[in-house]
2 protein chains.
Amino acid sequence: MIRMIQSLNEHNREDLQEALGKGGQKLTPQREVVFAVLLAQRDHPTVDEVFNRARESMPGLSLATVYNCLETFVGCGLVRQVNHERESTRYCPNLAPHAHFRDKETGQVHDIELPPEVMKSLRSILPPGFDSEVIEISFLGRTKANDPLHSN
Amino acid sequence: MIRMIQSLNEHNREDLQEALGKGGQKLTPQREVVFAVLLAQRDHPTVDEVFNRARESMPGLSLATVYNCLETFVGCGLVRQVNHERESTRYCPNLAPHAHFRDKETGQVHDIELPPEVMKSLRSILPPGFDSEVIEISFLGRTKANDPLHSN
DNA sequence: TTGCGGTTTAGATTCATTCTAACTCATTAA
DNA sequence: TTAATGAGTTAGAATGAATCTAAACCGCAA
Ligand SMILES: [Mn+2]
Ligand SMILES: [Mn+2]
Ligand SMILES: [Zn+2]
Ligand SMILES: [Zn+2]
């Protein structure tokens with residue numbers, strides 16, 4: 001799928017600027033472009049995929065800067081890293097609590113909403129003395145029907 | 001903690017031989033030593049840790065062979081790979097369904113039992129058409145008390 | 001204008017993992 | 001008893017995602 005990356009709308013640019021500001025960082029043209037790429041197509045791209053998409057709107061952009069931007073976003077809580085086994089890290093701008101489903105055949109990664117009661121039941125299995133801030137849940141399997149909610 | 005690696009007992013050697021056989025693979029001295037290392041100290045060692053422990057009982061053993069043995073065990077379903085972010089892969093001989101808890105401060109990895117009802121509630125969040133064989137759950141956090149059940 | 005500091009950049013480096021090709025060695029065929 | 005076969009082991013080379021380094025860039029303030 002080819003998709004022209006539009007620039008950030010007013011609302012998203014403000015969100016980005018605010019989050020960066022809280023983390024003591026500045027809004028830059030490179031960060032805008034990289035963030036726009038993440039919002040435009042929420043398919044959990046790798047750094048290389050982000051790089052190639054971002055280069056279309058900013059040809060001089062370097063791979064190192066894409067790494068830097070994404071690291072900054074993670075630090076500011078704007079984006080999550082998603083890892084499956086030892087494959088390249090993928091990036092996700094969905095801030096709601098969610099798990100990841102990885103399609104064994106296509107490699108596509110889908111977001112799976114995590115209801116609060118499931119989060120609670122998960123937390124409840126921790127023995128006393130274990131205190132967890134982050135829970136990562138990932139499914140590996142197949143998708144039969146193409147669910148309109150989860151296909152791009 | 002220093003621990004002398006004893007060789008496999010009769011029971012475990014039979015289990016190993018049977019699982020290897022089903023996967024069309026043979027029992028070798030190297031595989032025995034590497035498997036014994038995994039059973040002796042269930043702290044989710046990395047390949048390098050396995051290598052260093054196994055070398056004590058088999059000085060000529062090579063790192064490549066440790067990689068090969070562990071890959072074979074995973075293929076035969078004797079061992080699970082455990083990944084946290086992009087750190088070195090760790091290996092776990094616990095075949096019961098369980099999650100992993102990673103201590104942010106010490107880096108230690110603990111097994112967390114996964115009750116069937118939690119597994120069910122997790123499976124239930126998958127939309128129709130999504131079919132998952134493998135679910136990975138990992139906690140990141142701190143351990144306050146040292147729980148006798150989970151300390152070695 | 002000039003200096004400062006955060007950001008970007010290209011390229012070098014790191015390091016876990018995978019690959020390659022030679023060697024070992026137990027089993028099988030002649 | 002040899003010879004051939006082939007799975008397993010081994011050292012070292014190659015790979016590649018991620019990190020590091022140092023120079024260039026650039027907006028802002030003295
Ligand atoms: Mn908003
Ligand atoms: Mn048994
Ligand atoms: Zn996601
Ligand atoms: Zn485990």
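# Zinc sites, shared sheet and salt bridges in a predicted model

The zinc ion (ligand 3) is held by five protein donors, H44(A) (NE2), C92(A) (SG), H98(A) (NE2), H100(A) (NE2) and D111(A) (OD), at 2.1 to 2.3 Å. The model is a predicted one. Six strands, drawn from chain A and chain B, make up an open sheet with mixed pairing. Over all chains there are 22 salt bridges and zero disulfides.

**Zinc ion (ligand 3), chain A**

- Along the chain, the donors of the zinc ion (ligand 3) are spaced as H-x47-C-x5-H-x1-H-x10-D.
- Two of these donors, H44(A) and C92(A), are 48 residues apart and link distant parts of the chain. H44(A) belongs to the loop between α2 (29-40) and α3 (47-57) of chain A, whereas C92(A) belongs to strand β2 (residues 90-92) of chain A.
- H44(A) has a relative accessibility of 2%, so it counts as buried.
- C92(A) is buried as well, its relative accessible area being 1%.

**Zinc ion (ligand 4), chain B**

- The zinc ion (ligand 4) has as protein donors H44(B) (NE2), C92(B) (SG), H98(B) (NE2), H100(B) (NE2) and D111(B) (OD), which lie 2.1 to 2.3 Å from it.
- The spacing of the donors of the zinc ion (ligand 4) along the chain reads H-x47-C-x5-H-x1-H-x10-D.
- Both C92(B) and H98(B) are buried.
- Two further donors, H100(B) and D111(B), stand opposite each other, with D111(B) in β4(B).

**The six-stranded sheet**

- The order of the strands is β4(A)-β3(A)-β5(A)-β5(B)-β3(B)-β4(B).
- The edges are formed by β4 (109-113) of chain A and β4 (109-113) of chain B. Each of these has a single partner strand, so one side of each is left without a neighbour in the sheet.
- On average, neighbouring strands of this sheet are turned by 30° against each other, direction ignored.
- In chain B, strand β3 (residues 98-103) pairs with β4(B) in the antiparallel sense, over five bridges.

**Helices packed on the sheet**

- Helix α5 (residues 116-123) of chain A packs on the sheet and touches β5 (130-143) of chain A together with β5 (130-143) of chain B. The direction of this helix makes about 120° with that of β5(A).
- Helix α5 (residues 116-123) of chain B lies across β5 of chain A together with β5 of chain B, and runs at about 120° to β5(B).
- The loop between α5 and β5 of chain B contains S124(B). S124(B) has a relative accessible area of 56% and is therefore exposed.
- S124(B) and V34(B) are 90 residues apart along the chain, and 38 Å separates their C-alpha atoms.

**Salt bridges within helix α1**

- In chain A, the side chains of R13(A) and E10(A) form a salt bridge with an N to O distance of 3.6 Å. The two residues are three apart in helix α1 (residues 10-22) of chain A, so about one helical turn separates them.
- R13(A) is partly exposed, at a relative accessible area of 22%.
- In chain B, E10(B) and R13(B) meet through their side chains in a salt bridge of 3.5 Å, N to O. They too are three residues apart, in helix α1 (residues 10-22) of chain B, which means a separation of about one helical turn.
- R13(B) is partly exposed, with 22% relative accessible area.

**Salt bridges of strand β5 and the network**

- A salt bridge of 3.6 Å (N to O) brings together the side chains of R142(B) and E133(A).
- R142(B) is in strand β5 of chain B and E133(A) is in strand β5 of chain A, so this pair joins two chains.
- Both partners count as partly exposed: R142(B) has a relative accessible area of 34%, and E133(A) has 43% relative accessibility.
- K104(A), E105(A), R142(A) and E133(B) are joined into one network by salt bridges that share partners.

**Cysteines without disulfides**

- The search of the whole structure gives zero disulfides. C76(A) is in none, since the nearest cysteine sulfur, that of C69(A), is 11 Å away.
- In chain B, the cysteine sulfur closest to that of C69(B) is in C76(B), 11 Å away, which is too far for a bond.
- C69(B) counts as buried because its relative accessibility is 3%, under the 20% limit.

Definitions and conventions. Residues are numbered from 1 along each chain as its sequence is written. Chains are lettered from A and ligands numbered from 1 in the order in which they are written. This is a predicted model: local features need pLDDT of at least 70, side-chain atom pairs count only at pLDDT 80 or more; totals for chains, interfaces and linings use all residues. Side-chain values use heavy atoms; hydrogens and water are left out. A disulfide is a pair of cysteine sulfur atoms within 2.5 Å. Buried means under 20% relative accessible area, exposed over 50%, partly exposed in between (1.4 Å probe, protein chains only). Two strands pair if DSSP finds at least two bridges between them. Helices (H or I, at least four residues) and strands (E, at least two) are DSSP runs, numbered from the N terminus. Axes are lines fitted to C-alpha atoms, for helices over the stretch in contact, and angles run from 0 to 180 degrees between N-to-C directions. Contact means heavy atoms within 4.5 Å. Donors are N, O and S atoms within 2.8 Å of the metal (3.2 Å for Na, K and Ca); water is not among the atoms, so sites may look incomplete. A salt bridge is a side-chain nitrogen of Lys or Arg within 4 Å of a carboxyl oxygen of Asp or Glu.
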